[in-house]
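Visitor: Please show me how to read a structure of this kind, one feature after another.

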Amino acid sequence: MVAFVGWRFLPILPRPQARLLTYVGAGIDLPHIPEPTKQDVEKWHGEYVQALVRLFDARKAEAGWPDAVLEVS
């Protein structure tokens with residue numbers, strides 16, 4: 001059995017009354033590393049996660065969740 005929850009003609013889209021928020025943070029300059037080591041990947045992944053957490057912390061109150069904590073695993 002299939003249950004659709006979105007619009008009648010576009011069931012994969014959210015309902016019109018749903019509140020969707022999109023935030024875009026500052027860009028991150030990443031170097032091109034032809035053959036990255038595990039340490040390179042960990043370093044730049046860490047940079048990305050830090051930027052993501054900064055964006056989340058800066059906008060969480062505006063989104064209605066002032067006490068939320070972002071967990072990245």
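Guide: Start with Pro31, which lies in the segment before helix 1. Residues are numbered from 1 along each chain as its sequence is written, and this is a predicted model, in which local features need pLDDT of at least 70, side-chain atom pairs count only at pLDDT 80 or more, and totals for chains, interfaces and linings use all residues. Side-chain values use heavy atoms, with hydrogens and water left out.

Visitor: How many helices and strands does the protein have?

Guide: Helices (H or I, at least four residues) and strands (E, at least two) are DSSP runs, numbered from the N terminus. By that rule the protein has one helix and zero strands. Helix 1 covers 38-59.

Visitor: Is Pro31 buried or exposed, or partly exposed?

Guide: The classes rest on relative accessible area: buried is under 20%, exposed is over 50%, and partly exposed is in between, with a 1.4 Å probe and protein chains only. Pro31 has a relative accessible area of 42%, so it counts as partly exposed. In space, its C-alpha is 9.0 Å from that of Trp44, with the two positions 13 residues apart in sequence terms.

Visitor: What share of the residues of the protein count as buried?

Guide: Of the 73 residues, 5% do. The area exposed by the protein is about 7,000 Å², and carbon and sulfur atoms supply 59% of it. Such areas come from the Shrake-Rupley method with a 1.4 Å probe; for residues, only the protein chains shown count as cover.

Visitor: Which residues does Ala63 contact, leaving aside its neighbours within four places in sequence?

Guide: A contact means heavy atoms within 4.5 Å. Ala63, found in the segment after helix 1, is in contact with Arg19, Leu21 and Tyr23 once those neighbours are set aside. Ala63 and Arg19 are 44 residues apart in sequence, yet 9.9 Å apart from C-alpha to C-alpha. Ala63 is buried, because its relative accessible area is 15%. For the protein as a whole, among contacts with a separation of 6 or more, 28% come from residues 24 or more positions apart.

Visitor: Where is Gly25?

Guide: Gly25 is in the segment before helix 1. Its C-alpha is 9.9 Å from the C-alpha of Ala58, and the two are 33 residues apart in sequence. Gly25 counts as partly exposed, at 35% relative accessibility.

Visitor: How many salt bridges does a search of the whole structure find?

Guide: Side chains of opposite charge can pair when their charged atoms come close. The criterion for a salt bridge is a side-chain nitrogen of Lys or Arg within 4 Å of a carboxyl oxygen of Asp or Glu. The search finds two. One joins the side chains of Lys60 and Asp57, at 3.6 Å from N to O. Lys60 is buried at 18% relative accessible area, whereas Asp57 is partly exposed at 40%. Another joins Arg59 to Glu62, with the closest N and O atoms 3.1 Å apart. Here Arg59 is partly exposed at 37%, and Glu62 is partly exposed at 49%.

Visitor: What else does Lys60 touch, not counting residues up to four places away in sequence?

Guide: Lys60 lies in the segment after helix 1. With those residues not counted, it touches Trp65, Pro66 and Ala68.

Visitor: Which residues make the nonpolar surface patch?

Guide: Patches are made of residues with over 30% relative accessible area and no salt bridge; like charges are joined within 9 Å, and nonpolar side chains (Val, Leu, Ile, Met, Phe, Trp, Tyr) within 5 Å. Here Ile28, Leu30, Tyr48, Leu52, Leu70 and Val72 make a nonpolar patch of about 490 Å². Among them, Leu70 is in the segment after helix 1 and is partly exposed, with a relative accessible area of 30%.
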